[in-house]
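Me: I'm new to this one. Let's take it piece by piece, starting with the open spaces.

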Amino acid sequence: MRRSFLILSVVLLVLMQRSKAQENGDDLRLRQIVREYGQAEVAVPFSGSVALDKLTKRVSILSVKEKTVFISLSPLTVEWFILQKYSYSVLEKNAAKGILSAESVAAAMEWDKYPTHTQYDSIMQSFNTLYPTICDLDTIGTSVNGKLILALKISDNPDNDEDEPEVFYSSTIHGDETGGYILMLRLADYLLKNYNSNARIKNMVNNLEIWINPLANPDGTYRTGNTISSPTRYNANGADLNRNFPDPLDLSIVPVKENIDMIAFLRKHKFVISANFHSGAEVVNYPWDRYLSKLHADDSWFFNISRAYADTVHLYSSPYYMNFMNNGITRGAVWYRIEGGRQDFITSELQGREVTIELDDNFVTPAAQLSLLWQNNYRSLLAYIGNALYGIHGIVTNVTNSAPVEARVFIAGYDKDSSHVYSNAVNGSFYRYLSPGSWNLTFSAPGYTAQTVSNVLVVSGQRTDITVSMTPATNSIDTTNPEVPVLYPNPASYEIRAVIPDILLGDIDVRIFNMSGMKLSEYQTTTFKGIPVIIDLNGLAAGSYHVVFTNSNTRASSHGKFVVIK
């Protein structure tokens, strides 16, 4: 009996050592793949939403399908993942498969091959050169490695900031998701070439300011040089740019170089409708990505425009394309939750309306399928930005002198979680996109008497114009150049806007304390003259609070007090 026990113990020890060796072999292989390719993809069994939420806070989830979680690991996350002792399998991936590089700019502009980086720059420059009356080339910023992050503005007066809705298409924030990159270049080419021959396109270009950023992460796409050979999801420092935007659920997020520049660009333009293009699935993903248990106030509107995108695709594609989740659409968190995503940042902090469009199950769309990707999607691309022509288009002015008024436009009993919008301080314009129906809009601004415009009718596919004249209140607060922060509205339930002293403008720290001096939250943001800082009151109970603003460079500070009512 004792001898049998000893034999069994030896066998178990050998098996354990063999298992450990195998485990170490997999981990070593995983590290080697990350070192060689800048990333690795693994699959782990789906074990419930709690475990999934733990994963999404630490690594980049690619998708959740058929009880399997697909994960991308970078140099920043691979060691954490290995330490968790997950049961995993490494996914084999030949990133170079299907990538054909164009021999010239002319060949690249046939849109069935991938341009080199220098060809891409030349193509963007050529749009500006060939169509100077309707196209301008701008720079959002630079990558970690110094590559320009470019954007085209297509409008009938591209050199002027007109009183028109601004819309934004941006692709390949993940450098190895390449289909949208070519799709955006081809869309710009299509708009410019057809401006004078297509009445629909002419109407859009004349009445919108259309911005297109084909390549948001050039360091990831052109990781190995001037051609695309082994692209990576991440930026040059291993950061996932679409998990790196400010998020109220993760105050530890510090935006990296590309995102700092992108955030400044987004704050400047305040796009009313936008989309961010990805690959790895085939589905239109709409807010919220971060919240599973609550809906955006405009959830039905988001559902309808997402449904329209996918349904239009279905009319012109095979029955197998873009039918994932709810036949091609999903609310983000229903699929899987993420924090730090651009979609939710734009929709919550900037009062925009953004969706994420996953174009292809392949991360790298094979060159041979690029033309088919265009045929499947271009009609939907046009229709999506065309939504900006509809809804409520309004102007808010001072009744006494017709000066523009920057007002909060709010629908009582409906708006929540920053779903309201603001009129523009320069011209008083605002745009509100709503499902068809009759709506009561309330306008409020510091120094003015609030007023409500009732029964504003919204009709599908039509534009509703309104003009609102606001009456100045007596003893109004001067917010033009305060010595201390001006907080308004105060008290408030949903958010407070803070006009801070000019001396604090730039990068600032925002800290909120209760009346006992306990710090409740702290985050960083960038401030610009004339644009108030938004303080989101979600998560704060009714009561009084202190807020402290500190310039990150000079350490100059100013503070104020506000009251939350529920």
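Me: Which strand gives the largest share of the lining of the second largest pocket?
Reply: This is a predicted model, where local features need pLDDT of at least 70, side-chain atom pairs count only at pLDDT 80 or more, and totals for chains, interfaces and linings use all residues. Residues are numbered from 1 along each chain as its sequence is written, and side-chain values use heavy atoms, leaving out hydrogens and water. A pocket is an open set of points on a 1 Å grid over the protein atoms alone, with protein on both sides within 12 Å along at least five of seven lines, and its lining residues have an atom within 4 Å of a point. Strands are DSSP runs (E, at least two residues) numbered from the N terminus, as helices are (H or I, at least four), and the one giving 4 residues here is β16.

Me: What is the volume of that second largest pocket?
Reply: A volume is the space filled by probe spheres set on the grid points, which are joined across faces, edges and corners. For the second largest pocket that comes to about 870 Å³.

Me: How many charged residues are in its lining?
Reply: Asp, Glu, Lys and Arg count as charged; Ala, Val, Leu, Ile, Met, Phe, Trp, Tyr, Cys and Pro as nonpolar; the others, Gly among them, as polar. Besides 14 nonpolar and 7 polar residues, the lining of the second largest pocket has a charged count of 15.

Me: And the largest pocket: which strand supplies the largest share of its lining?
Reply: The largest pocket has a volume of about 1,200 Å³, and 47 residues line it. Nearest its centre are P246, D247, E349, Y523 and Q524. With 7 residues, the largest share comes from β23.

Me: What about sealed spaces: how much space lies in the largest cavity?
Reply: A cavity is a set of grid points where a 1.4 Å probe fits but cannot get out. Counting those of 30 Å³ or more gives 5 cavities. The largest is lined by 20 residues, including W335 and E358, and holds about 190 Å³.

Me: How are α10 and α14 oriented, roughly parallel or roughly antiparallel?
Reply: Helices α10 (residues 299–316) and α14 (residues 370–386) pack with axes 8 Å apart, at an angle of about 150°. Axes are lines fitted to C-alpha atoms over the stretch in contact (heavy atoms within 4.5 Å), and angles run from 0 to 180 degrees between N-to-C directions. Under 35 degrees counts as roughly parallel, over 145 as roughly antiparallel, 65 to 115 as roughly perpendicular and the rest as oblique. So α10 and α14 are roughly antiparallel.
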